[in-house]
There are 2 protein chains.
Amino acid sequence: MAVLVPFAADNPKTRLEKALESAERADFARAMLRDVCETVAATGREPTVLATAPVDVPHPVVVDDRPLTEAVNARLEPPTAVVMADLALATPTAVERLFAPDADVVLAPGLGGGTNAAVVRHDAFAFDYHGVSIRDHRRRAREAGADLATVDSFRLAVDVDEPRDLVEVLLHGNGRGREWLRDAGFDAVATDGRVEARRGR
Amino acid sequence: MAVLVPFAADNPKTRLEKALESAERADFARAMLRDVCETVAATGREPTVLATAPVDVPHPVVVDDRPLTEAVNARLEPPTAVVMADLALATPTAVERLFAPDADVVLAPGLGGGTNAAVVRHDAFAFDYHGVSIRDHRRRAREAGADLATVDSFRLAVDVDEPRDLVEVLLHGNGRGREWLRDAGFDAVATDGRVEARRGR
């Protein structure tokens with residue numbers, strides 16, 4: 001099965017700008033991308049990076065500068081899986097749970113209405129990552145007559161978009177993403193009722 | 001096995017104050033509490049609400065006005081489970097995953113460093129909900145010589161503390177909590193790159 005790992009190579013992770021400089025965001029994003037690709041590879045599948053511009057990683061890369069939805073749907077030949085490049089908590093065990101259900105469409109919801117990972121085995125299903133994508137994808141599966149399975153995984157639900165997500169990487173990550181944050185001086189610190197990623201140096 | 005469901009009955013859910021009035025927060029918190037108790041009961045176990053003040057629910061209630069850590073540890077006779085009262089996405093299937101591992105300590109991490117649910121079968125383990133509790137609980141399990149299992153569940157990881165959590169209830173909840181939000185006029189709306197819970201009336 002093809003496993004696409006979409007990656008926004010130009011100015012990635014802009015919503016982390018309050019926590020990281022531009023060059024840091026690019027570096028951290030690539031660290032997470034490599035983690036995700038290795039995690040997919042550890043399940044015995046070959047990931048293909050679907051990038052908006054060339055990116056230097058030890059995995060096959062296809063460049064398509066169209067928006068995410070168009071670029072993914074252009075390569076959607078069932079069976080195909082899509083795993084986002086910023087799932088810094090993903091483990092081989094969590095990714096195996098995505099592939100386990102014998103359903104036409106398998107969805108792993110992301111926090112905030114996203115669809116962080118999916119498997120498509122049905123010809124009439126296409127992605128729409130705009131808007132409330134998890135809701136739209138459930139509806140699209142229904143309308144396509146596809147049976148749907150949902151993966152209940154914290155590790156697949158956390159995508160790293162905003163500063164508040166960094167603490168999840170620090171506490172639960174175990175790859176380059178976490179290592180990058182630690183090297184950059186971040187640590188998980190308890191404040192008044194919250195835990196957040198603070199940079200010590 | 002005893003299943004404790006801690007509930008802050010006095011002025012609950014203060015961090016939702018930007019989204020809900022005080023009386024609404026109390027109402028919504030009780031709706032979620034009832035959902036969690038019914039979900040636990042649906043797995044064949046009897047929940048006991050451990051509340052800081054009397055609360056009217058059709059389940060056994062024990063009142064203890066001490067802080068969470070002290071109140072829970074005072075009743076920690078292994079085997080005991082603790083399931084937070086604001087897990088509005090919890091389903092019987094997700095809760096069964098908490099009870100499935102045959103480990104001395106089972107932890108379900110919450111977003112932001114919390115520990116949203118746990119099973120304790122070891123005498124030397126005690127809770128500490130202050131600070132980065134998931135990190136502390138992992139350490140405590142290690143120090144107690146207890147073997148540890150972790151449940152990778154999105155449904156158990158989302159506790160409803162802040163306005164941003166409401167969208168998860170709208171999109172993935174299926175009990176009184178979601179119904180309460182819908183009746184109050186909330187809907188999941190896509191904004192610029194984000195999905196949030198907006199109140200329409």
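B:K13 is buried, with a relative accessible area of 17%; here buried means under 20% relative accessible area, exposed over 50% and partly exposed in between, using a 1.4 Å probe and protein chains only. This lysine sits in the loop between strand 1 (2-7) and helix 1 (22-42) of chain B, where helices (H or I, at least four residues) and strands (E, at least two) are DSSP runs numbered from the N terminus. B:K13 also has a positive phi of about 60 degrees, although it is not a glycine.

A quick word on the ground rules. This is a predicted model, in which local features need pLDDT of at least 70, side-chain atom pairs count only at pLDDT 80 or more, and totals for chains, interfaces and linings use all residues. Residues are numbered from 1 along each chain as its sequence is written, chains are lettered from A and ligands numbered from 1 in the order in which they are written, and side-chain values use heavy atoms, with hydrogens and water left out.

Chain A has its own non-glycine residue with a positive phi: A:N11, at about 50 degrees. A:N11 is found in the loop between strand 1 (2-7) and helix 1 (22-42) of chain A, and with a relative accessible area of 49% it is partly exposed. Then there are the prolines. A:P78 and A:P79 are joined by a cis peptide bond, with omega about -5 degrees, and A:P79 belongs to the loop between helix 2 (68-73) and strand 4 (80-83) of chain A. In chain B, a cis peptide bond joins B:P78 and B:P79, again with omega about -5 degrees. Such details catch the eye because most residues other than glycine have a negative phi, and most peptide bonds are trans.

How do the two chains relate? A turn of 180 degrees and a shift of 0.0 Å along the axis lay chain A on chain B with an RMSD of 0.0 Å, the fit being by least squares on the C-alpha atoms of residues with pLDDT of at least 70 in both. The two copies are thus related as by a two-fold rotation axis. Of the interface residues of chain A, 100% are also interface residues in chain B, so the copies meet through the same surface.

Taken alone, chain A has 7 helices and 9 strands. Its radius of gyration is 16 Å, close to the 17 Å that the globule rule gives for 201 residues, so chain A is as compact as a globular protein of that length; the radius is taken over C-alpha atoms, and the rule is 2.2 Å times the number of residues to the power 0.38. Buried residues make up 56% of the 201 residues in chain A.

Two residues give a feel for the packing. A:L107, in strand 5 (residues 105-109), is buried at 0% relative accessibility. Beyond its neighbours within four places in sequence, A:L107 is in contact (heavy atoms within 4.5 Å) with residues including A:T115, A:I134, A:H137 and A:L148. A:V132 lies in the loop between strand 6 (115-120) and helix 4 (133-143) of chain A and counts as buried at 4% relative accessibility. Leaving out residues up to four places away in sequence, A:V132 touches A:G113 as well as B:L171, B:A188, B:A190 and B:V195.
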